[in-house]
Each structure stands twice: as structure tokens, then as C-alpha cells.
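Let's walk through this structure together, starting at the surface and working inward. Keep the viewer open as you read.

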Amino acid sequence: FLVLDEPTNHLDTDAREVLEQTLDDFDGTILAVSHDRYFINRIADRIIEITDEGVAEYLGNYDDYLERKNSFAAAAETDSELSKTELERRRKREREESERQAEKARRVRILESDIAFIEQEILAAEVALADPDLFSNKENAARTAKRYKELQTKLEDKMAEWERAAYEV
């Protein structure tokens, strides 16, 4: 978990590029506070806005955030014509949709973690299969080969599931 406060301040172009590439390669969570819109657009996949009215979450980068804010502003103009009940229903639907999108994104992250774990297991099985001593015991060799094949199938299934889930986000 990285917490960054204005990370691009005082950096030249080369240093910015190195920072952005490093953050792209980072597998954990990054909380970045920045006024640098280009940086936010490049790194962020979720924007959290904190205002006097509360906290709002927007999935996507900074451009996506601006688009949603502009659509909310346009909707707010027509909201004055809506009844209070209809306005509450609309806000509830928007909140539920945001929660569904967040759940889909969470599912993608879980699948990515599962895939990484399976890939590690496959690597361990490959190392075991490369050991000539394994084949001195036919049962162990057969068991390891079977496990390797099962892991390959499991990886293919998880990758297909991840592909479907990522497409929905």
C-alpha cells in the first residue's frame, strides 16, 4: 500500500516517466493525492472525491471522473423538475450501479490474484518435473504430472473467467 502526496512535484520529465512506469508495475494499492491531472489520468483507476456533502467514488481515470461529474451536473439541472421521491430513487439506482461496478472490479482483482497463485503452483510443478530424481518413483512422477495438467486446465478456466469479468468492467 503506497501513500503518495504530490509525487510528481519537482520531477523532470525523465523522472516522471520512471515514477509512472514503477507505479504501473506495482501490484498493490496506491493512494495518491495530486493536482497533476495528467499523472492522475495515467495512474488512477478509481477517483475518490471528498466534499462537504460526503465522499463519492468514481471508477476510471480522471477523464472518466470529469465525464461522470458533468453528467451529474446536467442531471442535477433536470432534477429540480423531479419530485423528491423520484430524485431519491434515481440517486439510489446510481449508487447501486456504482456498487455493482465496484464489485465487478473487485472480482477482477480477485481473479488476477488467483491466476498469479496458480501460475506459481505451475512453476513449482515445472521445477519438480525438471528434477530427474522425481522419475525414480513412478507414482510421484505420475502424480506430479497429473497435478501439472490439472493446474494448466485450472489456469485456462480462470483466465477465461477473468476475461469475461474484465470485459464487464
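Valine 3 is exposed in this predicted model, with a relative accessible area of 58%. You will find Valine 3 in strand E1, which covers residues 2–5. Together with Phe1 and Leu31, Val3 makes a nonpolar surface patch of about 340 Å². In soluble globular proteins, nonpolar side chains tend to be buried together, so a patch like this is worth a look before we turn inside.

Now for the interior. The largest nonpolar core has 10 residues, including Leu4, Leu19, Leu23 and Phe39. Helix H1 (13–25), helix H2 (37–43) and helix H3 (62–79) are the elements that each give two or more residues to this core. H2 gives the most, with 3 residues. One member of the core is Ile40; beyond its neighbours within four places in sequence, isoleucine 40 is in contact with Ser34, Ile47, Asn61 and Tyr62. Apart from this core lies another, of 6 residues, with Ile118, Ile122, Leu151 and Leu155 among them.

Which tyrosines form one aromatic cluster? They are Tyr58, Tyr62 and Tyr65, and they also belong to the largest nonpolar core. Tyrosine 58 and tyrosine 65 pair edge-to-face, 5.0 Å centre to centre with 80 degrees between the planes. Tyrosine 62 and tyrosine 65 form a tilted pair, at 5.5 Å and 40 degrees; both sit in helix H3, 3 residues apart, about one turn of the helix.

Are these rings buried or exposed? Under 20% relative accessible area means buried, so tyrosine 58 at 6%, tyrosine 65 at 11% and tyrosine 62 at 14% each count as buried.

Terms used:
Residues numbered from 1 in each chain as written. Predicted model: local features only at pLDDT ≥ 70, side-chain atom pairs only at ≥ 80, totals over all residues. Heavy atoms only, no water. Patch = residues over 30% accessible without salt bridge, like charges linked within 9 Å, V, L, I, M, F, W, Y side chains within 5 Å. Areas by Shrake-Rupley, 256 points an atom, 1.4 Å probe, with all protein chains shown as cover. Salt bridge = Lys/Arg side-chain N within 4 Å of Asp/Glu carboxyl O. Helix = DSSP H or I, 4+ residues; strand = E, 2+ residues; numbered from the N terminus. Buried < 20%, exposed > 50% of the residue type's maximum accessible area, 1.4 Å probe, protein only. Core = buried A, V, L, I, M, F, W, Y, C linked by side-chain atoms within 4.5 Å. Contact = heavy atoms within 4.5 Å. Phe/Tyr/Trp six-rings, centres within 6.5 Å; stacked < 30°, edge-to-face > 60°.
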